[in-house]
Protein chains: 2
Amino acid sequence: MSDAAPPAKRSRRSSGAVTLHDVARLAGVAPITASRALNTPAQVSAEVLRKVSEAVARTGYVPNRLAGGLASTRSRLVALVVPTVSGPVFLDTIQALTETLDAAGYQLMVGQAGYEGRREDALLEAIIGRRPDGIVLTGILHSDASRRRLLASGIPVVETWDLTPTPLDMLVGFSHQAVGEAVARYLHGRGRRRLATLSGDDPRATQRAQAFARAAEALGLPPVRAVVVKAPTTLQAGRGALTALMAEHDAPTTLPATRRGRGRMAGPPVDAVFCSSDLLALGLLTEARMQGLAVPDDLAVVGFGDLEMAAQAAPAISSVSVNGAGIGVQAARFLIERAEGRAVAERVVDIGFRLIERHSS
Amino acid sequence: MSDAAPPAKRSRRSSGAVTLHDVARLAGVAPITASRALNTPAQVSAEVLRKVSEAVARTGYVPNRLAGGLASTRSRLVALVVPTVSGPVFLDTIQALTETLDAAGYQLMVGQAGYEGRREDALLEAIIGRRPDGIVLTGILHSDASRRRLLASGIPVVETWDLTPTPLDMLVGFSHQAVGEAVARYLHGRGRRRLATLSGDDPRATQRAQAFARAAEALGLPPVRAVVVKAPTTLQAGRGALTALMAEHDAPTTLPATRRGRGRMAGPPVDAVFCSSDLLALGLLTEARMQGLAVPDDLAVVGFGDLEMAAQAAPAISSVSVNGAGIGVQAARFLIERAEGRAVAERVVDIGFRLIERHSS
DNA sequence: CTGAAAGCGCTAACAC
DNA sequence: GTGTTAGCGCTTTCAG
């Protein structure tokens with residue numbers, strides 16, 4: 001551009017950092033050639049490759065991915081939306097996601113939507129603005145506005161940790177309904193009759209608890225007592241919930257009022273609890289022991305998430321195990337495939353779950 | 001540009017998304033005016049503001065932050081480097097960081113460096129390439145090459161969770177040495193004489209353990225037995241370590257060989273253990289109880305991190321509490337100040353720690 | 001295999 | 001208050 005007469009007025013800002021131009025000049029090639037040496041080394045002669053590498057090393061050049069992303073419409077960035085990072089549940093997924101993406105040259109951006117769903121729209125706008133090559137959602141999307149926005153953006157999306165017949169795009173998760181049913185059948189099979197749930201108030205925990213209650217009813221069991229605590233769940237909440245669970249008066253249930261009170265038996269009102277997290281389960285178990293309730297004899301406890309602490313507790317806590325890392329790996333693969341332009345054949349993966357039986361039930 | 005004759009050949013790619021141009025055209029103003037309406041509404045007439053807002057709403061326009069960042073050299077992105085997200089220790093910091101940044105309109109990008117320090121350089125390059133407005137490091141930086149790179153990039157940096165006389169830039173943390181000393185003095189004051197450490201092999205845990213051992217020596221206590229496990233620490237590792245800690249033969253210590261064996265007394269070889277995490281402490285405590293060792297009578301246990309589980313364990317575990325959220329908030333503030341162009345007066349904040357005494361010691 | 005030109009979508013500098 | 005112009009640093013397109 002400025003090649004001839006005027007002293008090439010160094011206008012405007014310029015971050016001051018080394019650019020591809022500088023590298024190219026030092027290597028004695030055109031900028032585009034330097035670019036190719038870095039991005040598609042196969043397309044360039046050995047000689048050029050050597051000179052460019054040397055220039056990069058000498059200058060400490062670090063490519064500006066903002067510029068690259070703008071020019072190529074590929075940001076090599078993947079965004080993740082979690083309710084909060086402070087729950088241990090999604091940690092394995094985050095870890096696996098980061099590692100798998102990283103191995104393919106992508107970075108992960110994490111956003112917290114909170115459990116209220118309040119910030120979801122704002123967060124999504126911030127994410128879309130960065131033009132990520134993919135978005136991973138934990139759970140399925142609530143707001144309709146957000147759904148439309150996402151669809152309009154054309155960015156590949158993976159919903160995770162849930163299953164729905166109407167996925168936005170791609171999906172890797174499992175059925176919370178199936179979990180609730182499996183646990184109910186299991187406890188029934190172990191001779192438990194007075195079932196209860198202790199759940200955080202997030203949508204997925206609620207789904208499990210409701211399916212659990214329905215399955216219990218189908219098995220001919222009395223109404224399931226349901227105690228709900230605020231998400232994210234804590235040990236403390238688990239401890240505090242014992243009283244509510246064991247109270248003699250009728251606790252709120254998910255069944256119609258006409259059925260309440262039917263089929264009550266003598267003895268403690270509850271002989272098995274399905275908790276929506278291992279944290280709740282451990283808290284409950286701790287408190288039960290302190291109050292002289294025998295686990296599992298008086299009370300069976302089943303958790304969810306299969307955290308290390310569930311296995312290491314005394315007694316060891318039965319729990320529903322989900323392959324969180326597997327979800328992360330699969331989600332990353334989906335996105336990478338798409339980013340590389342390959343079409344994804346199977347867009348939905350049910351990763352399943354396992355009920356791990358331990359001493360608490 | 002193309003205003004006259006040729007049919008303005010719609011060249012090249014164009015992501016297809018709505019751009020500021022489209023919004024401006026619809027609102028009947030120049031692009032820069034639309035830009036101002038969005039970014040600095042005070043500089044624009046009410047009439048223009050209304051028309052632009054309407055155009056944005058109608059088109060579903062989401063600004064391309066890649067382009068904005070490139071043009072303004074402000075990406076509104078902050079990068080965080082953690083060893084791994086799978087440890088609960090930094091979760092509060094991540095949470096607080098995300099929230100504080102978010103409130104100011106910044107996004108957080110998370111990178112995992114691993115505990116090996118192997119990936120650190122590559123990760124840093126990936127981060128610098130995104131031209132974030134700030135970088136938060138957990139711990140202080142090891143590799144010299146990385147230090148130079150970071151310095152050269154000119155990006156504001158906050159080191160956290162540690163203290164050093166030679167910070168790279170800004171710093172918010174606490175002294176691990178002071179922690180080790182405080183715990184040693186505390187246990188000595190409680191009448192414990194045969195001290196031990198159980199630590200992950202990360203640099204900060206090692207620092208605490210070594211300071212603990214030196215302080216014990218200064219107090220005239222026998223050599224401190226040191227058991228080291230691989231980071232990240234787990235409950236399992238804590239359980240497994242009991243045997244090594246209680247073995248009668250000499251375990252490796254951090255003191256010279258000539259001092260070993262001096263001052264040995266009758267009874268169990270160890271009567272107090274300082275663990276580098278609450279996970280280790282809880283595992284140790286669980287195993288001790290199973291083997292019939294009374295806590296705290298036979299064995300005092302102190303953890304680190306003050307996780308909820310420490311307080312909720314039975315017996316409740318004494319622990320060193322660090323204000324992880326405070327670290328996150330302060331780090332975010334530092335970076336925001338810098339990004340807004342304000343100079344940061346005090347560049348180092350010692351956030352301190354508290355030893356929480358509970359039943360385990 | 002290498003290069004020149006054009007422009008991704010936005011904002012900093014000046015004008016008016 | 002608003003517009004014009006010129007890039008930010010890179011990569012695509014098209015030509016050798």
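In this predicted model, the surface near DNA strand D draws most heavily on helix α4(A), which gives 5 residues. In total, 32 residues surround DNA strand D, and the closest are Leu20(A), Ser35(A), Ala67(A), Ala71(A) and Thr33(B). Two or more residues of this surface come from each of α1 (20–27), α2 and α4 of chain A, and likewise from each of α2 and α4 of chain B. Sorted by class, the surface near DNA strand D holds 15 nonpolar, 13 polar and 4 charged residues.

DNA strand C can be described in similar terms. Around DNA strand C there are 32 residues, of which Thr33(A), Ser45(A), Leu20(B), Ser35(B) and Ala71(B) come nearest. The elements with two or more residues on this surface are α2 (31–39) and α4 (65–72) of chain A, joined by α1 (20–27), α2 (31–39) and α4 (65–72) of chain B. Here α4(B) provides the largest share, 5 residues. The surface near DNA strand C comprises 15 nonpolar, 13 polar and 4 charged residues.

The two protein chains also meet each other. The contact involves 49 residues of chain B and 49 residues of chain A. On the side of chain B that touches chain A, at least two residues are supplied by each of α4, α5 (91–103), β2 (107–112), α6 (120–129), α7 (144–153), α10 (235–246), α11 (278–290) and α12 (308–312). Strand β2(B) makes the largest contribution to that side, with 6 residues. The makeup of the side of chain B that touches chain A is 19 nonpolar, 21 polar and 9 charged residues.

Turning to the layout of chain A, the domain assignment divides the chain into domain 1 (12–63), domain 2 (75–174 + 325–353) and domain 3 (176–321). Taken over C-alpha atoms, the centres of domain 1 and domain 2 of chain A are separated by 34 Å.

A sheet of chain A deserves a closer look. Strands of a sheet pair through backbone hydrogen bonds, in either a parallel or an antiparallel sense. In chain A, 6 strands form an open sheet with mixed pairing, in the order β7-β6-β8-β9-β10-β12. Its edges are β7 (225–229) and β12 (354–356) of chain A, each of which pairs on one side only. From one strand to the next, the twist averages 20°.

At the β7 end of this sheet, strand β6 (residues 195–200) of chain A runs parallel to β7(A), and the two are joined over 5 bridges. Within this pair, Leu198(A) has Val227(A) in β7(A) as its bridge partner. Helix α10 (residues 235–246) of chain A packs on the sheet, where this helix touches β6, β7 and β8 (272–275) of chain A and its direction makes about 150° with that of β7(A).

Further along the sheet, strand β9 (residues 300–304) of chain A and strand β10 (residues 318–321) of chain A run parallel and are joined by 3 bridges. In this pair, Phe304(A) is matched with its bridge partner Val320(A) in β10(A). The pairing of β10(A) with β12(A) is antiparallel, again over 3 bridges. Val320(A) takes part here too, with Leu355(A) in β12(A) as its bridge partner.

Chain B likewise contains an open sheet of 6 strands with mixed pairing, in the order β7-β6-β8-β9-β10-β12. The edge positions belong to β7 (225–229) and β12 (354–356) of chain B, each pairing on one side only, and the twist averages 20° from one strand to the next. Strand β6 (residues 195–200) of chain B pairs with β7(B) in the parallel sense over 5 bridges, and Ser199(B) stands opposite Val228(B) in β7(B). Helix α9 (residues 203–218) of chain B packs on the sheet and touches β6, β7 and β8 (272–275) of chain B, with a direction about 170° from that of β6(B). Helix α11(B) lies across β6, β8, β9 (300–304) and β10 (318–321) of chain B, running at about 155° to β9(B).

Finally, one residue of chain A illustrates a local setting. Gln177(A) sits in helix α8 (residues 176–189) of chain A. This residue counts as partly exposed because 16 C-beta neighbours lie inside 10 Å, a number between the limits of 12 or fewer for exposed and 20 or more for buried. Leaving aside residues up to four places away in sequence, Gln177(A) touches Gln207(A) and Ala211(A). The C-alpha atoms of Gln177(A) and Gln210(A) are 7.9 Å from each other, with the two residues 33 residues apart along the chain.

Key
Residues are numbered from 1 along each chain as its sequence is written. Chains are lettered from A and ligands numbered from 1 in the order in which they are written. This is a predicted model: local features need pLDDT of at least 70, side-chain atom pairs count only at pLDDT 80 or more; totals for chains, interfaces and linings use all residues. Two strands pair if DSSP finds at least two bridges between them. Helices (H or I, at least four residues) and strands (E, at least two) are DSSP runs, numbered from the N terminus. Axes are lines fitted to C-alpha atoms, for helices over the stretch in contact, and angles run from 0 to 180 degrees between N-to-C directions. Two residues are in contact if their C-beta atoms, placed from the backbone, lie within 7 Å. A residue is near a molecule or strand if its C-beta atom, placed from the backbone, lies within 6 Å of it. Ala, Val, Leu, Ile, Met, Phe, Trp, Tyr, Cys and Pro count as nonpolar, Asp, Glu, Lys and Arg as charged, and the others, Gly among them, as polar. Domain bounds come from an automatic or database domain assignment.
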